[in-house]
Structure formats: structure tokens, C-alpha cells
Amino acid sequence: MTNKPQYQVVIVGAGIGGLTLASICRRLSLSYTILERLPSLTPAGAAISLSPQALSVLDQLGLYSALKAVAQPMTRIRVSQNGKLWNELDWTICEKIYGYPVVTVERAKLMQILYAAAGKEKVQLGCAVQDVVEDAENESVSVHLADGRILSASIVVGADGIRSAVRRTLARETGNANAGNTIKFTKRVHMSGWSHPLPGLGEKELGVANWLFYDDSVMMTFGGRDNRQWFIAIRECEEIPDKDRSVWVGVTPGMIKEVHGEKEHPFAKKTGKLGEIVDQAERVLATNIFAEYAYPPMAVSRVALVGDAAHSMSPWFGQGGTACIEDAAELGNTLYSIFSESQKVKEALQAYRSRREKRTQEIAKFSADFGRLYSAQLPYGLGGIVRGLLFGYVPSNIWLWWLKWLYGYQPILRGLDVSGSEVDK
Ligand SMILES: Cc1cc2nc3c(=O)[nH]c(=O)nc-3n(C[C@H](O)[C@H](O)[C@H](O)COP(=O)(O)OP(=O)(O)OC[C@H]3O[C@@H](n4cnc5c(N)ncnc54)[C@H](O)[C@@H]3O)c2cc1C
């Protein structure tokens, strides 16, 4: 006789991917829990931009109004080189074409929305998962926690980020070296921060992003609500103390100013320098940038991966979090087909795997290629010329037409009542 598993779904990790999937499980009335190793949910990053595909999913989950109340749609992108304006792109047409804008939102605010939607009582904090073992006899998976407990589920989802423990266990199960953690340092360091509302800016600057190219580095700033600025500067840096860590410890505004403070910024109304915006920072951050050099299978038997656990990607086009939300939507549909339409677990998860691997690897490649263009790293010294042509002359409607493959991918969540959402209109 087989023992019935405790849960239909156990999700490991309460980041963007895990919480989005949990909120889908909740709407599908599945039995689920989320295991998070940290004692509280405190997102490391400053802010995040979400693209139309992600907003379409959040809308179907009934979360779009809450998000709109704290997010700022991107209105324009101003592209400059060494302080000289090259081009200005109208990004308001994104919403007209794809139904949703690109928005910038403080990470902590996004996480609060997702945490509530996932069901706070379903999130078990301070629970580090150490191992995941298939139990063929009971048609389930055992999840081993650091505190000695063992939980069981029909399906386990690894949403545990760039150094995923679940992914490591897949490597052992499959004997596939690529299923282990295969991230490499890209020799690039990102420094960023989230500012208070900037004095001297008004309505016409709301939602304006600045993409700024300098001789030795690149920078992007995105306008948040009330003209807060999310600033990100990226620079090549080989000699760093700890290449294996993601987040630098003890970063201060002074450190960022030392590296990037003298760069021109059009929103620094007094001095014209980025340092003035860094002085307005509520919080700052620095991380090493990693990328995958091989990808794991996104599902093996009864275990699936979502988000960075499956495909960490460089942040150049801001798609990692959006890809987590796409994964969650597709996996949510897979769970619906398993638990409401009696599809076989392993077959359904393999179908999820084949749908998602191609798409997410395309997005990761696009992000890396975009980074090479953005930071003018092309062979034969062509980088500066190609970057100048692309960013200086291509108008917004061509950019947005070209991005159809990315922004136009908007999965419909099955088994949910979406009346009242934008999708319904
Ligand atoms: C500088 C930078 C800028 C970015 N900008 C953007 C952007 O603008 N737009 C965008 O879409 N994306 C962006 N991204 C990418 C995005 O932040 C990530 O893709 C996304 O946050 C990954 O979410 P996740 O849920 O997969 O993983 P995570 O957010 O890493 O969550 C994983 C969770 O699992 C927990 N965990 C780990 N191990 C265990 C364990 N063994 N047991 C239990 N819990 C565990 C962790 O504590 C964590 O809470 C950016 C990334 C960086 C670095």
C-alpha cells in the first residue's frame, strides 16, 4: 500500500518564482507549502523592472492593481554617450502594442504583494532544504530539511535561486554534470541603489529611463514612483576579493561615488554628476554578475525548476525576474493539467521542460548579446560603431516591433477566473 504524500506541491524558495507559483497553487486550491531558508523575506536588490509578459500573469492573478499602486510605468528612454543625448525613445507605445507597459518597482514592494498572494501562512521561514529524494514506491518526493524534518509531496519545485540545492540534487539523480551549479563570473560588477524622490524633477521626468554610455562603464537609471531613481552602473572588474559571492558585503554610497560619482547624469540638477543622485540613495548594493555556461534539465521525474535555479541570466535586459514569472505561469498550467485533468505527472513535467528550456535559454542569450552591444564589446573594434547606430538611430516602434518575441509571449493561466483583469477586456 502506498502512503499518500503530505502535499501536492512543495516549493523550495520564496523568491519571485516561488511566490508567484505559490499564488497560482492557491488560486487552483492545491495543497502546497513554501520552504524558505531565510528567517524573513528581505529582498537583496533595490528595484526591478517587469515586462509586459510578467504583468499579464500578475494581472490574471488579480495583482495588477496592487502593483500599479506602487510601480511606475516607463515612459521614455533617453540614450546618451558621455553626457551627450543620442536618442529618445517613446516607451508609452509598449502598452498600446502589448497591453501592458514596462514598470519599475521597488523590490521590497513587489515581494510584499507576492508574499500576501502566496498566502503568508503557507510560507515556512527558516527552513533550509538539504536534499530531495524521489520515493518511487509512494509516487512522491521526500524533502529533507536542515532541522531534520522530512516532508513529502507529489511534486517538488526548486525555486531556490542561483545556487540551488534542488538543482544539485538533480545532478546526482541524473548523473548529468550540467545539472549542478554551472555559473561563472562574467568579470563585471554591478553597483546600484534606490533613491528618495529626486528634488527638481517633475511630471515630465516621471518614468524616464536614462541609458548612459561612458568610455569605461555603462549606466542605466530607471524612474520609479515619485521620481525615485533606480541607478545601476556596470563596469569590468577582474581584481575583486571574492568571485564566488554574489552580493558584496558592506557597500556604502561613498564606495559607489568613488567609482562612478563623477559620471554625467541629466537628472542631477545641481552638479550634473551621478554622485548627487547617489547622495539621495535610500539603499545601495553591489553584486558580481554571473551567467550560466550550461543549463540543467528544467524537470526530472517529479522535480521541476523555476527561475534562477534553472537559468540565471545576466541582468542586461532585466528579464530574470520576468522569466521566473513566465516559468511559474507555465508550471501552474502544468499543475492544473496534472491535478484537475489527471495528466501523468512525469509526462506533464517533461512537456513543461521542453516548452520552457528553449524559451529561457533564448532570453538568457539575448540578454548576454544585448549586454555585449550595450557595453560595446564586439570584435574588430566594431562595438562603438554598432552601438552608436543601434542606440542612436533606431526608433521606438522598430525596437518594440523587434521585441514582439519577448513581450508578446503572454501565457494564459488555466483554471482561474480572470474576470475583471485587463486580460478579460
Ligand atoms: C543586478 C540585478 C538586476 C536585475 N534586474 C532585473 C530586472 O530589472 N528585471 C528582472 O526581471 N530581473 C532582474 N534581475 C534578475 C532577478 O532579480 C532574478 O532573476 C530573480 O530575482 C530570481 O528569482 P528566483 O525566485 O528565481 O530566485 P531568488 O530571488 O534568488 O529566490 C530564491 C529563494 O530561495 C531561497 N533558498 C535558497 N536556497 C534554499 C534552500 N536550500 N532551502 C530553502 N530556501 C532556499 C533563497 O533564500 C531565496 O529566498 C536582476 C538581477 C540582478 C543581479
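A polar contact is a pair of N or O atoms within 3.5 Å. In this predicted model, such a pair links G17 to the ligand: a backbone N or O atom of G17 lies 2.9 Å from a ligand oxygen atom. R37 also takes part through its backbone. One of its polar backbone atoms is 3.1 Å from a nitrogen atom of the ligand. D308 uses its side chain instead. A polar atom of that side chain sits 2.7 Å from a ligand oxygen atom. The protein buries 84% of the 1000 Å² that the ligand exposes when taken alone.

Two or more residues of the shell around the ligand come from each of α1 (16-27), β3 (47-50) and α10 (320-339). Helix α10 gives the largest share, four residues. In total, 31 residues surround the ligand. The nearest of these are E36, S49, R107, D308 and G321. Sorted by class, the shell holds 14 nonpolar, 12 polar and five charged residues.

Strand β3, one of the contributors to the shell, also belongs to a sheet. This open sheet has three strands in the order β3-β7-β4, with antiparallel pairing. Its edge strands are β3 and β4 (72-73), and each of them pairs on one side only. Four bridges connect β3 with strand β7 (residues 103-106) in the antiparallel sense. Within β7, V103 stands opposite L50.

The N-terminal part of the chain carries a database annotation. An unreviewed UniProt entry lists residues 6-25 as "transmembrane region". In the model, this span is 50% helix and 30% strand. The C-alpha atoms at its two ends lie 15 Å apart.

Strand β1 (residues 7-12) runs parallel to β2, and four bridges join the two. V10 stands opposite T33 of β2. Strand β2 (residues 32-35) is covered on both faces. Y32 and I34 are buried on one side, and T33 and L35 are buried on the other. This arrangement fits a general pattern. In a regular strand the side chains alternate between the two faces of the sheet.

Strand β13 (residues 208-213) shows a similar layout. Six of its six residues are buried. V208, N210 and L212 point one way, while A209, W211 and F213 point the other way. Strand β13 has pairing partners that include β5 and β14. Strand β5 (residues 76-81) runs parallel to β13, and six bridges join them. Here Q81 has F213 as its bridge partner. Strand β14 (residues 218-223) pairs with β13 in the antiparallel sense over four bridges. W211 and M220 are bridge partners in this pairing. Together, β13 and β14 form a hairpin, with four residues between them.

Further along the description is S140, a residue of strand β10 (residues 140-145). S140 counts as buried because its relative accessibility is 2%, and the cut-off for buried is under 20%. S140 and S192 are 52 residues apart in sequence. In space, their C-alpha atoms are 43 Å apart.

Conventions. Residues numbered from 1 in each chain as written. Predicted model: local features only at pLDDT ≥ 70, side-chain atom pairs only at ≥ 80, totals over all residues. Heavy atoms only, no water. UniProt positions renumbered as here; feature names shortened; annotations may be inferred. Near = heavy atom within 4 Å. Polar contact = N/O pair within 3.5 Å; in protein donor to acceptor, adjacent residues only side chain to side chain. Areas by Shrake-Rupley, 256 points an atom, 1.4 Å probe, with all protein chains shown as cover. Nonpolar A, V, L, I, M, F, W, Y, C, P; charged D, E, K, R; others polar. Pairing = 2+ DSSP bridges. Buried < 20%, exposed > 50% of the residue type's maximum accessible area, 1.4 Å probe, protein only.
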